[in-house]
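Subject: Structure handover

Hello,

Here is the structure you asked for, followed by notes on what was found in it. Please read the notes with the structure open.

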Amino acid sequence: MRLLVVEDEPLLREQLAQRLRAAGYAVDTAVDGEEGLYFGREYPVDLAVIDLGLPKLPGIDLIQRLRAEDKRFPILILTARGRWQDKVLGLEAGADDYLVKPFEMEELLARVAALLRRAAGFARPVLCFGPISLDTRSQQVQIDGRPLELTAFEYRLLEYLMFHPGEVISKATLTEHLYQEDQDRDSNTIEVFIGRLRKKLDPDNRLQPIETLRGRGYRFALAPPK
Amino acid sequence: MTAPIGEAAGSRREVVSLNRRLLVVAAVVLVAFLGLTGSILDNAFRQSLEQAQQDRLQGTLYTILAAADLTASGLRLPDALPDSRLSTPGSGLYARVIDEHGEIWRSPSLLGLPWEPEQRLAPGDTRFQRELAGDQPLYTLAYGLSWEDAGGKEWTLTVHVAEDLTSYQAQLSAFRRSLWGWLGAASAVLLATQLLVLRWSLLPLRRVAADLRAIEEGRAELLHGRYPAEILGLTQGLNALLSSERRRARRYQETLANLAHSLKTPLAVLRGALDRLPEAPPEALEQIARIDAAVDYQLRRAAAAAPETLAAPLPVKPVLERLLQTLRKAYPDKTLDCELRSSGEPVFYGSEGDLMELLGNLLDNAFKWGRQRLRVSITPLAAGPGGRRGLRLEVEDDGPGIRPEQAQLVLERGRRADEQVPGHGIGLAVVAELVSAFQGTIAVDRGELGGALFRIELPAA
């Protein structure tokens, strides 16, 4: 999942980026509203965290511009004032949730996870595909009730595939949404991660949850929850 | 549980309107002036009528003397008298001549009239007066003269002539009719003119009132009309006051926003830094929470604009709708059945920000604690002397409710923000603060739905 963080205070921006990266997200940061607008337009953003008190282009205006350009990714606003008018205006401009500063990072992570899940069309926090269940709150994956040890990146990779069940997802798309800008973007490494994920999910090659479509990409093949 | 604050006291004395003052004074002056003029004219005309009467009687007297013949046996007049009225009984014109011993001639018109003047005047004297003959008022003229008859005898005569008031009164009443008719018409025209002048002169003031109403209703920002020099100072002053007030309010809100941003962001950084420690010191986290709560409470309290003198009536329902949409978005996993009870089109006299703060915090509380149901009741109350109606807002949920001993703590305003009841943020304290700024009351109860029921009443004005 590729996240955009627009926050003018450098320390807070860095903290947010670090914490989100540690949770396995690919994070881009923008220092003001204009830069935020640029990233929002040009990058395949899955969710944006936007501070309302931004220089150059205020947060509310940034959200309105993004929505006017038909950018539909969820937006979480950070506001310094807990005033209801600010919250209402923010959500009316097109944001999906708000968080009042100062906030606990855990709270932020939970809100981000919930927004991403809902944007993918899942109303419940736990996704169940056959024997595989993925809990977006605890970021735990279980197979037949057995917890599975995944790295943060592996978790995001599986989550991305499970958020798009039955869809063919190219390596390029996975790279775009999961890799940090400065990381090695060799698409071959995706193959390596997919291979590891398959081994962990399906050690005896019985479920085959992730299909490979030659030259086109991957597909999460288990039946979606009913 | 209830915190009643203040009471708008004040007796209003009815003040006479400018219009009425000017009209009353104009009417009194007009009546006094025209009345005086009328009575002076009336008097002058009566005097001139009497003078004319005297002249006429004098003329009659001379024609009688000219026609008379004095002999030793007495005064003799031709059968055909110079004025035919003297021959006709009851005609209104009478004459009588007396000497030292008594009457020597009387006009035939005197037949039946009890008028026997006995007054004798020295030769050359005249006397004009008004007297009564029986019940008939007469103007009389007496004239004394001495006359030598053909025999050389000296007679001392007094001639009395009289005329009744018929002609005098006819002329006088005709004059009075036209005099008072014209004066009345003139006053009516003058008063009507005065009324028009007044309306025209007071028009700018009425325009000021209309402009103020437009500002109140949010249709205008400033007084826009062009005003005459006399009230230009007032309207310009008002405009300056309005715009400086608006600028001040905007600057104030901006300052608060900046202050919030520059206090809260470092707190967020601090909090984030502590989060990264393997084991964050709990007292540090607690202190941050305290600073945060204090800053939040004070800023939101400061941002509460409180009742505005020129506040447009703000319909409550649209604001409520917007808040509910926001909350549904913010609590996507809560599907509360929200019931709205309201009558008419309730309005709030204050800023949108304040209304959102009042309702938002109560609704947020209900969303937080409610299980399935939420009820909002909006009731307009009776209007006050200024025409502004009071407002009752009730928000009720089916959550666990608030225990009576907690209710006090939750609402008590002015409490240190770091002593809030756990689970109830500073939102409710902010609500209590706002309610007191509006001189209203707030109470917490157990509602029909089983959970907490918050009732706010804002007074009429």
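Which side chain meets that of B:Asp275 in a salt bridge? The partner is B:Arg271, with 3.7 Å from N to O. Before going further, please note that this is a predicted model.

**Salt bridges within chain B**

B:Asp275 and B:Arg271 both belong to helix 3 of chain B, where they sit 4 residues apart, about one turn of the helix. An α-helix has 3.6 residues a turn, so residues three or four places apart point the same way. B:Arg271 counts as buried at 12% relative accessibility, whereas B:Asp275 is partly exposed at 26%.

A second pair is B:Arg375 with B:Glu339, whose side chains form a salt bridge at 3.1 Å, N to O. B:Arg375 is in strand 11 (residues 373–383) of chain B and B:Glu339 in strand 9 (residues 337–342), so this pair ties together parts 36 residues apart in sequence. B:Arg375 is buried, with a relative accessibility of 6%, while B:Glu339 is partly exposed at 26%.

A third pair is B:Arg455 with B:Asp445, where the N to O distance of the salt bridge is 4.0 Å. Here strand 14 (residues 452–458) of chain B supplies B:Arg455 and strand 13 (residues 441–446) supplies B:Asp445, so the parts tied together are 10 residues apart in sequence. Both partners are partly exposed: B:Arg455 has a relative accessible area of 25%, and B:Asp445 has one of 39%.

There is also a network in chain B, in which salt bridges with shared partners join B:Arg96, B:Glu103, B:Arg106, B:Glu116, B:Glu118 and B:Arg120. Over all chains, the whole structure has 41 salt bridges.

**Where chain B touches chain A**

Chain B and chain A each give 34 residues to the contact. About 2900 Å² is buried between the two chains, and carbon and sulfur atoms give 56% of that area.

How many salt bridges are there between chain B and chain A? The count is 3. B:Arg322 and A:Glu92 meet through their side chains in a salt bridge at 2.5 Å, N to O. Polar contacts across the interface involve 13 residue pairs, with both residues at pLDDT 80 or more.

On the side of chain B that touches chain A, the elements giving two or more residues are helix 3 (229–276), helix 4 (282–303), helix 5 (316–330) and helix 6 (352–369) of chain B. Helix 3 of chain B gives the largest share, 15 residues. By type, the residues on this side of chain B divide into 13 nonpolar, 8 polar and 13 charged.

**Helices 3 and 4 of chain A**

Helix 4 of chain A is mostly covered, with 8 of its 10 residues buried. These are A:Trp84, A:Gln85, A:Asp86, A:Lys87, A:Val88, A:Gly90, A:Leu91 and A:Ala93. What do the buried residues of helix 4 of chain A pack against? Within chain A they pack against helix 3, strand 4 and strand 5 (97–100), and in chain B against helix 4, helix 5 and helix 6. After helix 4 of chain A comes A:Gly94, which has a positive phi near 135°.

Helix 3 of chain A (residues 59–68) has A:Gly59, A:Leu62, A:Ile63 and A:Leu66 as its buried residues. They lie on the same side of helix 3 of chain A because they cover an arc of only 95° around the axis. The packing partners of these buried residues are strand 1 (2–6), helix 2 (33–42), strand 3 (47–51), strand 4 (75–79) and helix 4 (84–93) of chain A. A:Asp70, just after helix 3 of chain A, takes a positive phi of about 65°.

**A buried arginine in chain A**

A:Arg156 is in helix 6 (residues 152–163) of chain A. Is A:Arg156 buried or exposed? A:Arg156 counts as buried, with a relative accessibility of 0%. Its side chain makes a polar contact with the side chain of A:Tyr25 at 3.2 Å. Leaving aside residues up to four places away in sequence, A:Arg156 touches A:Ala23, A:Gly24, A:Tyr25, A:Gln139 and A:Leu178.

Regards

Technical notes:
Residues are numbered from 1 along each chain as its sequence is written. Chains are lettered from A and ligands numbered from 1 in the order in which they are written. This is a predicted model: local features need pLDDT of at least 70, side-chain atom pairs count only at pLDDT 80 or more; totals for chains, interfaces and linings use all residues. Side-chain values use heavy atoms; hydrogens and water are left out. Contact means heavy atoms within 4.5 Å. Buried area is the accessible area (1.4 Å probe) that two parts lose on being put together, summed over both. A polar contact is a pair of N or O atoms within 3.5 Å; within protein, one must be able to donate a hydrogen and the other to accept it, and residues adjacent in sequence count only if both atoms are side-chain atoms. Ala, Val, Leu, Ile, Met, Phe, Trp, Tyr, Cys and Pro count as nonpolar, Asp, Glu, Lys and Arg as charged, and the others, Gly among them, as polar. Buried means under 20% relative accessible area, exposed over 50%, partly exposed in between (1.4 Å probe, protein chains only). The arc is that of the directions from the helix axis to the C-beta atoms.
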